[in-house]
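Let's take a walk through this fold together, beginning with a single residue and working outwards. Have a look at the model first.

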Amino acid sequence: MKQEKLILKDENTNKEIGFVLYEVDEGNKVLTILSTQVHQEYQGQGKAKILMENIVKFAVERGYKIESFCSYATNYLSKNPL
């Protein structure tokens, strides 16, 4: 499986705000979240939540089950079940 990134960019500057690093197992229809990162100047502004909402939407639209090795994602998913 290859690692991929879902990137969130600032609409005004096109600068990367943060990303979710993930892998997809197509055979088992599983998306595994490996890491959620938000650059320091954007932390505390709800950007990680936006990243999670987007990766969940991506997974659900494709029929993937979500697993997580990322503490932020695991916490988010426990509070926002699919």
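Why does T32 count as buried or exposed, as the case may be? T32 counts as buried because its relative accessibility is 9%, where buried means under 20% relative accessible area, exposed over 50% and partly exposed in between, with a 1.4 Å probe and protein chains only. Please keep in mind that this is a predicted model, in which local features need pLDDT of at least 70, side-chain atom pairs count only at pLDDT 80 or more, and totals for chains, interfaces and linings use all residues. Residues are numbered from 1 along each chain as its sequence is written, and side-chain values use heavy atoms, with hydrogens and water left out.

T32 sits in strand β3, residues 30-38 (helices, H or I of at least four residues, and strands, E of at least two, are DSSP runs numbered from the N terminus). Beyond its neighbours within four places in sequence, T32 contacts L21, Y22, E23, E67 and F69 (contact: heavy atoms within 4.5 Å).

Now step back to the sheet. Its four strands form an open, mixed sheet in the order β1-β2-β3-β4, where two strands pair if DSSP finds at least two bridges between them. At the edges are β1 (3-9) and β4 (65-68), each pairing on one side only. β1 pairs with β2 (residues 16-25) in the antiparallel sense over seven bridges, and L21 in β2 is the bridge partner of K5.

Finally, the helices. Helix α1 (residues 47-62) lies across β1, β2, β3 and β4, at about 165° to β3. Helix α2 (residues 71-79) packs on the sheet and touches β3 and β4, its direction making about 130° with that of β4. Axes here are lines fitted to C-alpha atoms, for helices over the stretch in contact, with angles from 0 to 180 degrees between N-to-C directions.
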